[in-house]
Amino acid sequence: MIILILYVIIIARGEIMKTNYELMIQQLESMIANESNIIGILANASALLFHTLPNINWAGFYLYDKQNDKLTLGPFQGKIACMHIPMNKGVCGTSAHIKKTLNVDDVHTFDGHIACDNASNSEIVIPIIINNALFGVLDIDAPIKNRFNNEDQLYLEKFVDVLKNHIS
Ligand code: SME
């Protein structure tokens, strides 16, 4: 009986999570429709993430500075963060370099992790590739370990797809 109840709770939590993500993505779509100010779009996108997702302590963007081949801080919500991240350094620089999502369950085990905020314990970074060129990354930090599961990753990648399609 207890196992059945736990099972129902887990399924229900999964459904709530899906609904929240779907609503957040709809909000993003309507928020950016007819908008062309990229800084404003990214600023509101980071606010949407920060105020919708539970258990996170930073959400924002690092943008690719092609001339200097590094990431620079973009719009975000959370504590003051590192202004510059070299390519292939930290979770952001590595994700940008390999152009793949990095979902890090425990940042303390990630070689070269850049600790902007000591409170961060897990992190997900999704590269933003527009027309085959690196635009930047979406970075979300969490104060707990193992914050982002596969479903989080899937929905956050969808979130980035909506932004990409709008910006390109
Ligand atoms: N932890 C990141 C740096 C950015 S902050 O988390 C906002 C990294 O290792 O790339």
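The legends below describe close-up views of a ligand and its surroundings in a predicted model.

**View 1. The ligand and the residues that surround it.**
The shell around the ligand consists of 13 residues. Val91, Cys92, Ile114, Glu123 and Asp141 are the closest of these. By class, the shell comprises eight nonpolar residues, two polar residues and three charged residues.

**View 2. Polar contacts between side chains and the ligand.**
In the side chain of Asp141, a polar atom lies 2.6 Å from an oxygen atom of the ligand. The side chain of Asp139 has an N or O atom 3.4 Å from an oxygen atom of the ligand. For His113, the partner is a nitrogen atom of the ligand, which is 3.3 Å from an N or O atom of the side chain. On its own, the ligand has 300 Å² of accessible area, and the protein covers 99% of that area.

**View 3. The ligand in its cavity, with the contributing elements.**
The largest cavity is the site in which the ligand sits. Three elements give two or more residues to the shell around the ligand: strand S1 (58-65), helix H3 (90-98) and strand S6 (133-142). Helix H3 gives the most to this shell, namely three residues.

**View 4. The largest cavity and its volume.**
Rolling a probe the size of a water molecule over the atoms reveals where empty space remains. One cavity of 30 Å³ or more is present in the structure. The space in the largest cavity amounts to about 100 Å³.

**View 5. The lining of the largest cavity.**
A total of 14 residues line the largest cavity. Nearest the centre of the cavity are Cys92, Ile114, Cys116, Glu123 and Asp139. The lining divides by class into eight nonpolar, two polar and four charged residues.

**View 6. Secondary structure elements behind the lining.**
Each of S1, H3 and S6 supplies at least two residues to the lining of the largest cavity. H3 accounts for the largest share of this lining, with three residues. In the shell around the ligand, H3 likewise gives the most, with three residues.

Conventions: Residues numbered from 1 in each chain as written. Predicted model: local features only at pLDDT ≥ 70, side-chain atom pairs only at ≥ 80, totals over all residues. Heavy atoms only, no water. Near = heavy atom within 4 Å. Polar contact = N/O pair within 3.5 Å; in protein donor to acceptor, adjacent residues only side chain to side chain. Areas by Shrake-Rupley, 256 points an atom, 1.4 Å probe, with all protein chains shown as cover. 1 Å grid on protein atoms, 1.4 Å probe; cavity = no way out; pocket = protein on both sides within 12 Å on 5 of 7 lines; lining within 4 Å. Sits in = over half its atoms within 2 Å of the grid points. Helix = DSSP H or I, 4+ residues; strand = E, 2+ residues; numbered from the N terminus. Nonpolar A, V, L, I, M, F, W, Y, C, P; charged D, E, K, R; others polar. Points joined across faces, edges and corners; volume = space filled by probe spheres on them.
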